[in-house]
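Work through the exercises below with the sequence and the coordinates at hand, and try each task before reading its solution.

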Amino acid sequence: MTSSSSDAPLRRRPAWAALEAHVQKMKRVHLRQLFAEDRGRGERLAVEAAGLYLDYSKNRITGETIELLLRLAQESGLRQRIDAMFNGDVINVSEKRAVLHVALRAPRGATIMEGGRNVVPDVHAVLDRMAGFADRLRGGSWTGGTGKRIRNVINIGIGGSDLGPVMAYEALRHYSDRSLTCRFVSNVDGTDFAEAVRDLDAAETLFIVSSKTFTTLETMTNAHSARDWLLARLGGAKDPIARHFVAVSTNAEEVAKFGIDTANMFGFWDWVGGRYSMDSAIGLSTMIAIGPENFRAMLDGFHAIDEHFRTAPFERNLPVLLGLIAVWYNDFFGAETQAVLPYEQYLKRFPAYLQQLTMESNGKHVTLDGTAVDYNTGPIYWGEPGTNGQHSFYQLIHQGTRLIPCDFIAFAQALNPLGRHHDLLLANVFAQTEALAFGKTAEEVKKEGTPDWLVPHRVFEGNRPSNTILLERLTPAALGKLVALYEHSVFTQGTIWQIDSFDQWGVELGKVLAQRIIPELASGKEPPPAHDSSTNALIRRYRKLRGSA
């Protein structure tokens with residue numbers, strides 16, 4: 001590959017043009033035909049690595065499709081981009097930062113350089129401090145201001161400081177200390193905080209305030225409400241703030257100003273993006289819930305996929321294949337969404353976590369050099385766990401007019417074995433992917449004795465694509481592997497699209513405007529003319545309704 005090929009606009013790359021021609025043929029091919037012509041397709045289009053088995057045979061692809069997608073990855077400089085990330089190069093160009101979440105799970109003794117410094121020892125120093133604190137709290141030696149043992153832990157954060165910890169707690173609840181109550185507050189809606197503390201004893205409650213800058217509006221509003229709530233109940237206790245608050249931040253000055261002892265501040269680095277931070281100090285609540293040993297097992301799972309992504313040839317590389325197949329549907333079939341369907345109740349928050357990981361990363365409209373894109377980026381990710389979705393939105397996936405590629409995630413062993421439940425659950429996984437791929441023809445429906453007038457309603461077109469990701473058991477390591485799998489799939493997609501997957505300027509404008517509007521809501525003056533007529537009318541209406549409450 002020449003250096004000029006990766007610099008060329010995406011649509012001018014030879015592989016892109018070849019894919020545009022190839023898709024016209026593939027749109028006329030049904031999965032029934034592909035499987036009939038290749039009896040070994042189900043085994044051939046599957047790959048296993050690090051305990052993950054990916055069956056991607058039920059996609060509208062052939063060997064030629066994969067070859068062209070791999071060529072596109074080469075022309076896009078994916079190998080060089082992977083090396084640049086692991087080498088600590090500045091690949092987050094708009095913020096001029098390295099992107100080194102892979103360092104958060106590197107083993108002791110590894111070397112990952114950033115700015116001429118090996119960051120791995122710093123990472124493990126923080127992990128060791130986290131583990132020491134978690135052990136003290138779990139063991140009962142860390143007590144509140146009245147001497148009572150801490151039994152409630154509330155994480156206050158938003159975005160990556162909330163979605164990752166919430167997802168991980170729910171996913172690994174089976175491994176958690178059930179004597180601890182863990183809750184999460186993120187929404188600036190007062191209801192979120194009020195419900196989180198409603199039945200708790202302040203003397204037994206610890207708040208973890210997670211904010212890199214310690215100035216995030218939603219997080220600090222909730223943190224100040226937590227402080228007020230605590231002081232109203234424990235104002236006479238010894239060191240109430242110091243014993244009931246810890247911080248995950250990089251801003252020691254603001255942490256101290258709030259009243260938190262900076263000895264109880266756990267830091268991270270500007271090369272850790274929020275949505276990539278659940279395995280950093282942001283995961284302190286996770287470590288407290290499941291213990292340091294399980295947390296480190298999760299990190300080992302992350303690292304296993306990191307190494308697979310870094311070293312495996314692209315044709316056997318799970319994140320690369322997932323990312324390229326996503327590009328195939330997004331840009332050549334016009335698929336607007338991607339469903340992620342975990343058949344494991346503990347993963348009920350996994351789709352919500354992926355929404356930030358995928359859409360905040362790749363919801364971009366300009367390339368790395370600021371040029372407007374003329375192709376689709378960032379599909380919409382969504383989903384629900386288990387068989388619940390089958391009785392909700394699967395109707396649209398099976399018989400609707402939209403093409404919705406699906407990822408099915410399943411585990412061979414149940415964490416809570418109960419009669420035939422798990423066999424029934426997995427039977428649904430395999431049945432759904434089969435039904436989506438092959439459907440049911442009019443002839444098959446008629447053979448069942450269906451009246452002619454009803455036949456069209458009972459036909460399943462099929463040819464609906466899916467991936468199946470199968471693991472042995474949901475363990476902390478397995479969770480780490482799944483998250484890293486999607487992290488690097490997102491990276492692969494972003495590399496193809498020539499976008500910066502690690503900034504998030506799109507969240508800023510609304511926050512800036514909100515700061516302008518906040519004082520206007522409390523003011524009795526006419527809203528300033530700087531707003532449009534709709535916003536001014538809404539401000540006036542809000543003031544009127546609030547006054548009549």
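## Exercises on surface, fold and burial

The accessible surface of the chain amounts to about 23,600 Å², and 51% of this area belongs to carbon and sulfur atoms; such areas come from the Shrake-Rupley method with a 1.4 Å probe, and for residues only the protein chains shown count as cover. This is a predicted model, in which local features need pLDDT of at least 70 and side-chain atom pairs count only at pLDDT 80 or more, while totals for chains, interfaces and linings use all residues. Residues are numbered from 1 along each chain as its sequence is written, and side-chain values use heavy atoms, with hydrogens and water left out.

**Exercise 1.** Determine whether the radius of gyration of the chain agrees with that of a compact globule.

*Solution.* Take the radius over C-alpha atoms, and apply the globule rule of 2.2 Å times the number of residues to the power 0.38. For 549 residues the rule gives a value near 24 Å, and because the chain has 25 Å, the two agree. Next, consider the extents: along its principal axes the C-alpha trace spans about 80 × 60 × 60 Å. Finally, turn to contacts, which mean heavy atoms within 4.5 Å: among those between residues at least 6 apart in sequence, 73% join residues at least 24 apart.

**Exercise 2.** Find which residues touch the most other members of the largest nonpolar core, and follow L479 outward.

*Solution.* Begin with burial, where buried means under 20% relative accessible area, exposed over 50%, and partly exposed in between (1.4 Å probe, protein chains only); by this criterion 53% of the 549 residues are buried. A nonpolar core is then a set of buried Ala, Val, Leu, Ile, Met, Phe, Trp, Tyr and Cys residues joined through side-chain atoms within 4.5 Å. The largest such core has 128 residues, of which W328, F350, I409, I469 and L479 touch the most other members. Leaving aside neighbours within four places in sequence, L479 is in contact with M167, A168, A171, L172, M298, L347 and L474. A second, separate core holds 26 residues, including A196, A203, A247 and M265. In soluble globular proteins, nonpolar side chains tend to be buried together.

**Exercise 3.** Establish how many residues of helix α8 are buried, and what covers them.

*Solution.* Helices (H or I, at least four residues) and strands (E, at least two) are DSSP runs numbered from the N terminus, and the chain has 23 helices and 15 strands. Helix α8 runs over residues 163-171, and 9 of its 9 residues are buried; among them are M167, A168 and A171. Their cover includes β8 (181-185), α13 (284-290), α16 (350-362) and α21 (476-497).

**Exercise 4.** Locate the loop that holds F214 and the loop that holds N463, and decide whether each residue is buried or exposed.

*Solution.* F214 lies in the loop between β9 and α10 (217-234), and its phi is positive, about 60 degrees, although it is not a glycine. Because its relative accessibility is 2%, F214 counts as buried. N463 sits in the loop between α20 (455-458) and β15 (466-471), with a positive phi near 65 degrees in a residue other than glycine. Its relative accessible area is 8%, so N463 is buried as well.

**Exercise 5.** Identify what F333 touches beyond four places in sequence.

*Solution.* F333 is in the loop between α15 (318-332) and β12 (337-342), and at 15% relative accessibility this residue counts as buried. Its partners are V23, M26, K27, R60, W328 and L403.
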